[in-house]
Amino acid sequence: QVELVESGGASVQSGGSLKLSCAVSGYKTSIGWFRQAPGKEREGVAVLANGAPAGYADSSKGRFNITQGANILFLQMNDLKPEDTAIYYCGADSFTIHVPLDPHEYTYWGQGTLVTVSS
């Protein structure tokens with residue numbers, strides 16, 4: 001049984017920073033952050049495999065950093081832009097070698113946390 005609970009979403013101004021957390025119970029080899037903007041499909045942001053970063057979306061590179069502690073996953077977001085506005089989700093599955101950013105391939109999800117970036 002895997003349970004994921006996100007927190008840390010807030011309203012911030014463009015250029016600001018925010019750190020999201022995802023409390024994790026139950027072990028899966030791959031876990032990551034995904035987001036869904038209004039009117040758009042869910043997309044990958046950053047993923048980990050066995051505790052090490054395994055991929056970032058182009059839009060996240062250089063601004064976002066994914067890390068993992070004991071039973072918790074973080075996403076540090078810097079230089080936020082209005083286009084980062086979305087519900088951010090934690091997702092997990094059992095990938096080891098190839099860890100996809102495609103959210104359709106993930107089984108376990110949290111309920112999401114809302115990030116709003118104003119210009």
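Helices (H or I, at least four residues) and strands (E, at least two) are DSSP runs, numbered from the N terminus. On that basis the chain of this predicted model has 0 helices and 11 strands.

**Overall form**

Read along the sequence, the pattern is β-β-β-β-β-β-β-β-β-β-β. The radius of gyration is 13 Å, close to the 14 Å that the globule rule gives for 119 residues, so the chain is as compact as a globular protein of that length. Taken along the principal axes, the C-alpha atoms fill a box of roughly 40 × 25 × 25 Å.

Of the 119 residues, 45% count as buried. The chain exposes about 6,000 Å², and carbon and sulfur atoms supply 50% of that area. Among contacts with a separation of 6 or more, 61% come from residues 24 or more positions apart.

**The four-stranded sheet**

One open sheet consists of 4 strands in the order 1-3-8-7, with antiparallel pairing. Its edge strands are strand 1 (3–7) and strand 7 (64–69), each of which pairs on one side only. Direction ignored, neighbouring strands of this sheet are turned by 15° against each other on average.

Strand 8 (residues 72–77) pairs with strand 3 in the antiparallel sense over 6 bridges. The pairing of strand 7 with strand 8 is also antiparallel and also runs over 6 bridges. Strand 7 and strand 8 form a hairpin with 2 residues between them. In the turn of that hairpin, N71 has a positive phi of about 65°.

Some of the residue pairs that involve strand 8 are listed here.

| Residue | Partner in strand 8 |
|---|---|
| K19 | Q76 |
| L20 | L75 |
| G69 | I72 |

In a regular strand the side chains alternate between the two faces of the sheet.

**The disulfide**

The structure holds 1 disulfide. This bond joins C22 to C90, with an S to S distance of 2.3 Å. C22 lies in strand 3 (residues 18–25) and C90 in strand 9 (residues 86–93), so the pair ties together parts that are 68 residues apart in sequence. Strand 3, which holds C22, is also a member of the open sheet with order 1-3-8-7.

The torsion about the S-S bond of C22 and C90 is about -95°, so the disulfide is left-handed. Buried here means under 20% relative accessible area. C22 counts as buried because its relative accessibility is 0%. C90, with a relative accessible area of 0%, is buried as well.

**L114 in strand 11**

L114 is found in strand 11 (residues 113–118). Not counting residues up to four places away in sequence, L114 touches G9, A10, A86 and I87. Two of these contacts, A86 and I87, fall within the residue range 86–93 of strand 9, the strand that also carries C90 of the disulfide. L114 and Y88 are 26 residues apart in sequence, yet their C-alpha atoms are 6.2 Å apart in space.

Methods:
Residues numbered from 1 in each chain as written. Predicted model: local features only at pLDDT ≥ 70, side-chain atom pairs only at ≥ 80, totals over all residues. Heavy atoms only, no water. Contact = heavy atoms within 4.5 Å. Disulfide = S-S within 2.5 Å. Buried < 20%, exposed > 50% of the residue type's maximum accessible area, 1.4 Å probe, protein only. Pairing = 2+ DSSP bridges. Axes fitted to C-alpha atoms, helices over the stretch in contact; angles between N-to-C directions. Rg over C-alpha atoms; globule rule 2.2 N^0.38 Å. Areas by Shrake-Rupley, 256 points an atom, 1.4 Å probe, with all protein chains shown as cover.
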